[in-house]
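Trainee: I am new to this one and would like to know what stands behind the words people use for it. Could you show it to me, so that I can ask as we go?

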Amino acid sequence: MRRSVPVATVLRKLEELYDPPRSFLTFRTPLQLLVATLLSARCTDVQVNRVTPALFAKYRFAKSFAAASQRDLERMIHSCGTFRVKAKNIRLLCKILVEKFDGDVPQTMEELTALPGVGRKTAAIVLYGVFGKNDGIAVDTHVQRLALRLGLTTKRTADKIALDLQRQVPRAKWGRINALMISHGRVVCTSRNRKCDQCIFDRHCPSSLLRGYRDLSEKCH
Ligand code: SF4
């Protein structure tokens, strides 16, 4: 019978390899992390990091983004995909930051998720990345794939997987497990290849190729 890898083992082994976990987005301020995370939806972090230096040099504060023209923002973030919606959300949410928060990024899940285009994943990344708060586990495609393969969840949506993980992972580790799992998902347990012969979970994993197991992140037909 295939058993899931205990969360304590997942954390310990990932921390041995990838500690301290690093953010893959380049930023200096809370606003920059918020904007970069919004841009990273359906876009690679590498591409976002190509776009943001010029963007942040031109628009330094919430009031600058709020006053930006839709057209200019769209032009600058075009290569990040879904640029019309992203530009509109950035302008709108920056107007709210100016009007309600004196231009600052709020520090609670409720306030952040009330902003246009900001879901729990984005909010969790910002809260941990700049304020050190463990208010949720951000589930992107890497976290989702690894959680399924390791048997930590059987759910298929990011929000449900986040809840499953939050039930198992100690709250003090909610912020850091995102970057730890992304690191492993990018290098070893990638979407195209399970490099199980190079993996720290090879003997324990219920999706291990070395044991002839099926990939639990694939949907059954
Ligand atoms: S053993 Fe294979 S499937 Fe399991 S986490 Fe490692 S690379 Fe992924």
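Mentor: Gladly! Let's start with helix H11, whose buried residues pack against H1, H8, H9 and H10. Keep in mind that this is a predicted model.

Trainee: What makes H11 a mostly covered helix?

Mentor: Look at how many of its residues are buried: 11 of 14. A residue counts as buried if 20 or more other C-beta atoms lie within 10 Å of its own. In H11, those that pass this test include Trp-174, Ile-177, Leu-180, Met-181 and His-184. Arg-176 and Asn-178 are also among the buried residues of H11.

Trainee: You mentioned H1 as a partner. Why are H1 and H11 called roughly perpendicular?

Mentor: H1 covers residues 7–18 and H11 covers residues 174–187, and their axes cross at roughly 70°. Angles of 65 to 115 degrees count as roughly perpendicular, so the label fits H1 and H11. The axes of this pair come within 10 Å. On the H1 side, the contact is made by Leu-11, Leu-14, Glu-15 and Tyr-18, and on the H11 side by Ile-177, Leu-180, Met-181, Ser-183 and His-184. By class, these are 6 nonpolar, 2 polar and 1 charged residues.

Trainee: And what makes H5 oblique to H6?

Mentor: Again, compare the angle with the limits. H5 (residues 70–77) and H6 (residues 83–101) pack at about 125°, with axes 9 Å apart. That value falls between the roughly perpendicular range, 65 to 115, and the roughly antiparallel one, over 145, so what remains is oblique. This is why H5 is described as oblique to H6. The crossing of H5 past H6 is right-handed.

Trainee: Which residues make that contact, and how do they divide by class?

Mentor: H5 brings Gln-70, Leu-73, Glu-74 and Ile-77, while H6 brings Phe-83, Arg-84, Lys-86, Ala-87, Lys-88, Ile-90 and Arg-91. They divide into 5 nonpolar, 1 polar and 5 charged residues.

Trainee: Between H5 and H6 there is a loop with Thr-82 in it. What is noteworthy about the phi of Thr-82?

Mentor: Its phi is positive, about 35°, although Thr-82 is not a glycine. Most residues other than glycine have a negative phi. Arg-42 is a further case, with a positive phi of about 55°. Arg-42 lies in the loop between H2 and H3.

Trainee: How do you know whether Arg-42 and Thr-82 are buried or exposed?

Mentor: Count the C-beta neighbours. Arg-42 has 10 inside 10 Å; the limit for exposed is 12 or fewer, so Arg-42 counts as exposed. Thr-82 has 14 within 10 Å, which lies between the exposed and buried limits, so "partly exposed" is the right word.

Trainee: Let me try that on Pro-53, in helix H3. Why is Pro-53 called exposed?

Mentor: Pro-53 has 10 other C-beta atoms within 10 Å, and that meets the limit of 12 or fewer, so the label is exposed.

Trainee: And why is Lys-133 called partly exposed?

Mentor: Lys-133 has 17 other C-beta atoms within 10 Å. Exposed ends at 12 and buried begins at 20, so Lys-133 sits in between. It belongs to the loop between H8 (120–131) and H9 (141–149). Leaving out residues up to four places away in sequence, Lys-133 touches Gln-107, Leu-127 and Tyr-128.

Trainee: What is unusual about the bond from Asp-19 to Pro-20?

Mentor: That peptide bond is cis, with omega near -5°, whereas most peptide bonds are trans. Pro-20 is in the loop between H1 and H2.

Trainee: Finally, how is the protein divided into domains?

Mentor: The domain assignment gives domain 1 (7–20 + 138–211) and domain 2 (30–131). Their centres, taken over C-alpha atoms, are 27 Å apart. Their contact takes 8 residues from domain 1 and 5 from domain 2. On the domain 1 side, H10 and H11 are the elements that give two or more residues, and H10 has the largest share, with 3 residues.

Notes. Residues are numbered from 1 along each chain as its sequence is written. This is a predicted model: local features need pLDDT of at least 70, side-chain atom pairs count only at pLDDT 80 or more; totals for chains, interfaces and linings use all residues. Axes are lines fitted to C-alpha atoms, for helices over the stretch in contact, and angles run from 0 to 180 degrees between N-to-C directions. Helices (H or I, at least four residues) and strands (E, at least two) are DSSP runs, numbered from the N terminus. Angles under 35 degrees count as roughly parallel, over 145 as roughly antiparallel, 65 to 115 as roughly perpendicular and the rest as oblique. A crossing is left-handed if the near helix is turned anticlockwise from the far one by less than a right angle, and right-handed if clockwise. Two residues are in contact if their C-beta atoms, placed from the backbone, lie within 7 Å. Ala, Val, Leu, Ile, Met, Phe, Trp, Tyr, Cys and Pro count as nonpolar, Asp, Glu, Lys and Arg as charged, and the others, Gly among them, as polar. Domain bounds come from an automatic or database domain assignment.
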